[in-house]
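Colleague: Could you give me a close look at the backbone, especially the spots where its angles go against the usual habits? I'd like to know where each one sits in the chain.

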Amino acid sequence: MLDKTFDPKTFEKNFSFDVEASVRKPNAEPFMVLLPPPNVTGSLHIGHALCYTLQDILVRYKRMRGFDVLFQPGLDHAGIVTQLLVEKQLYANGVEKGSLTREGLLKEIWFWKENSGGKILDQMKKLGVSCDFSRLRFTMDDGSKKAVTKMFVKLYEDGYLYRGKKMVNWDPLIGSAISDLEVVEKEIEGGLWYIKYQVEGSSENIIVATTRPETLFGDTAVAVNPRDERYRHLIGKNVIVPLTDRSIPVIADKYADPEKGTGAVKITPAHDFNDFEVGQRHKLPIIDIMNSKGELNNNVPEIFRKMDRFEARQKVVELLEKKGLIEKFENIKHKVPYGDRSGVILEPRLTYQWFVNAERLAAPAIAVVKQGKINFIPKHWENLYFEWLNNIRPWCVSRQIWWGHRIPAWYGPDGQIFVAETEAEAKKKAVAYYGKNCIELKQDDDVLDTWFSSGMWPFITLGWPEKTKELERFYSNMIVVTGFDIIFFWVSRMIMLGIYNMKKVPFPNVYIHSLVRDEKGQKMSKSKGNVIDPLDLCETYGADAVRYTLASLASPGRDIKMNSRLVETGRNFLTKIWNVMRFAQMNGCTYNKDIDFYGIKHPIAQWIVVQVKKMVKDLEIALDNYRFDDATKIIYQCVWGAFCDWYMELIKPILQKTSLDTEIAEGYDLQQALLKKDIRDVTSWCILQFVRALYPISPFISKKLSGELGVTEMSWPDVDAVPEYFNDSVRKVELLKDAISAIRSVRQFLHISVSEKLNVNLDIQDSDISSFVSENRELLNRMAGVALSDNVASRSVSVVISGATLKIAIPQTVDVENEKRRLIMECGKLKKQRDDSAAKLSNEDFMSKAPAEVVDEHKQRVSEMNEKIERIEFIIRGLGNA
């Protein structure tokens, strides 16, 4: 017997899903879910919990349907994040900055990884995620190293990868280039200085506005628009760079906008992306004035050397003011690029880096989505994918850190590059190039962008570059479930590299889930104090309740507004199922695996079996179409609505009679005794189908309750054996339900006490249904508080339901006219509320500006108001001339 109180802590910890996750079915259709590898430094957050829950629902569902399922787990080495974390810990423990060698730091990071990294894997297990952890991969394990090296060499030899000197986003804290996608634009309070540049050989000045006066030491021109009459006479002349004795030309270029600032722009090719392009057009010299730490270097006056960029800014402004070279100053708000990992302001920097020709890789990646070979779900996310790929730039894949895949390139004494999978192969190429042995080569110090190895994840995890059975079986037979924020970082790169390397798409479907926000719709952040920890929710409500809640909120195209009250509602539903099982146990319901549907005679039993069959079929449609929210609703409506609210109440009189054994022993009606057995068999059968249907969503309670029924195998509910003729009973029971509901509505709206028995005449058109209701008049009395009568007084309310008419006597205590007036007034108020919302929904301006959740609220309000109005008008019509 189950405990009276539902407490998930008592059983969730007892279940492990490792065995079922590792079972292979070589003769079944393959299906794979590729888990986005979390950072080795990561801890489970609410976004992870949503993503992993949805993935696990698909995985369990497919296993139950007989597929050969692989749920592939992994961890990402997270180059920059991990190195920053370990360095911070080392410095806090007294290690001097800059004292570690490459080998020393890597040793410390590997030690940390083995002893402290990957705790998120245990947290995933607490959530019930059923990956095949025996196949766990790491983006820097030996297999990954081999694959990444081979891919780099292949891209290089095929002309997709090259080394060049280009402007990149440089992070001074990390001391590395970062991807354009890792740049966060933030609006900050800043300054705009208007600086005088004196025209050489003249007293005239040209005023240039800048937010970065410290970069003037790198200026190599001042640009004006060729159509700007104010400066046309200065084109071709020189101006003096303030605080220096260096002169630079005034050039004509359309980049200078006469409508912005003064119309004159300082050109600093080494420290601005746009200035670099102008410099290339005019063949300007490039003066790099900063080192990798964001300090000014030897290309500036001595007093500024080794000075931090922001300290130098203050010093430059101070000296300019002393010399009277600042025309004016303005406080402004402007956008500044920050590194998403370090949180510091980035610097545009001209450096040698390794680049992938992403434009060439993007063309086939765009084509396969347009051709329908890869589908985004929901479809509108294709637009974001196309937008990025159609405007893609060269992918900078080199990083100036030590933790990561070291670039397999070696340099000869003259800088000649030799790209090879091993140093030995590089030396062979060097010997062939130089025509002699004993050439000393130096390997590139840089490592690859973390997303380079992650982009190869679909085939690395399946054994590539080896030709494994798993690679042949599962590649292209997988789905990716992820958030829209890594469509650029991960999804697009997997598609590009997959098509390039494997000559076919890695997966046919990409499901993009919602973002989880706080209950006000705001993004969660520690600084706001609105972060919801899924592990805390699991501790309080149980992992099953968290999973059920997240699935129920996963509506396509809508962000999730999360709060703990929603999880409490999820737990309440699971508590209901727990109590259903207790009810069955207390009433002697045990699972009969040999249940014979053709022997089930009672219409109520036949009706609930049909409801369960419909639930299963609807559930299959929902899950096949990734409608996780619909899946939870379908189960909820059948369990709570059909089974608990109706079936359990209808069968209680049958089950609560003397026990079956006693009835037979004491000579009770054998037919009634067998009826009770049928009801018990059907009840336990229904519960088993419920827990099986719920298993993909809430596996712990499903395992627990199936065990209580003596069933260990969690196969998908098989409802195909349900006879079609059971549908005949649906009409009978539905009419009985409608009659009970109509009577309850009359009681509610006319304020008639439930203790007052009502005389009711029930005129049913179908004779079979009429006989069924007559035989079950005790149920009507018990559930609606009525007595069936052939004659009902004229003071009554007439209600028409499908297939029957009810005439319900109105007690003398009810003031009919007063109730009519009250109901008409209430109906009028509801119509006004409904019309107000409907008017907003028909207003184009409102629909174009209102958030999706506000629109949905109004749609829901209209639907609810219509339902209430219909019920009240139903009663008003029924009162007639009473």
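**Backbone oddities**

Modeller: Let's start at His-751, which you'll find in the loop that runs from helix H24 (727-750) to strand E26 (758-764). (Helices, H or I with at least four residues, and strands, E with at least two, are DSSP runs numbered from the N terminus.) Bear in mind that this is a predicted model, where local features need pLDDT of at least 70, side-chain atom pairs count only at 80 or more, and totals for chains, interfaces and linings use all residues. Residues are numbered from 1 along each chain as its sequence is written, and side-chain values use heavy atoms, leaving out hydrogens and water.

What's odd about His-751 is its phi: near 55 degrees, a positive value in a residue that isn't glycine. Most residues other than glycine have a negative phi, and most peptide bonds are trans. As for its surroundings, His-751 is exposed, with a relative accessible area of 55%; exposed means over 50%, buried under 20% and partly exposed in between, using a 1.4 Å probe and protein chains only.

Now go to Ala-78, another non-glycine with a positive phi, about 50 degrees. Ala-78 is also in a loop, with strand E3 (74-75) on one side and helix H3 (79-92) on the other. Here the residue is buried, its relative accessible area being 4%.

Glycine gets a turn too. Gly-159 comes after helix H6 and has a positive phi, near 80 degrees. H6 itself covers residues 142-157, so to speak, 16 residues in total, and spans 23 Å from its first C-alpha to its last. Among the buried residues of H6 are Ser-144, Ala-147, Val-148, Met-151, Phe-152 and Leu-155. An α-helix has 3.6 residues a turn, so residues three or four places apart point the same way. If you want the rest of the buried set in H6, add Thr-149 and Val-153.

That leaves the peptide bonds. Between Ile-377 and Pro-378 the bond is cis, with omega near -5 degrees. Pro-378 belongs to the loop that links strand E15 (375-377) to helix H10 (381-390). Further along, Trp-464 is joined to Pro-465 by a cis peptide bond as well, and there omega is about 20 degrees. Look for Pro-465 in the loop between helix H13 (457-460) and helix H14 (469-474).

Methods. Expected span 1.5 Å × (residues − 1).
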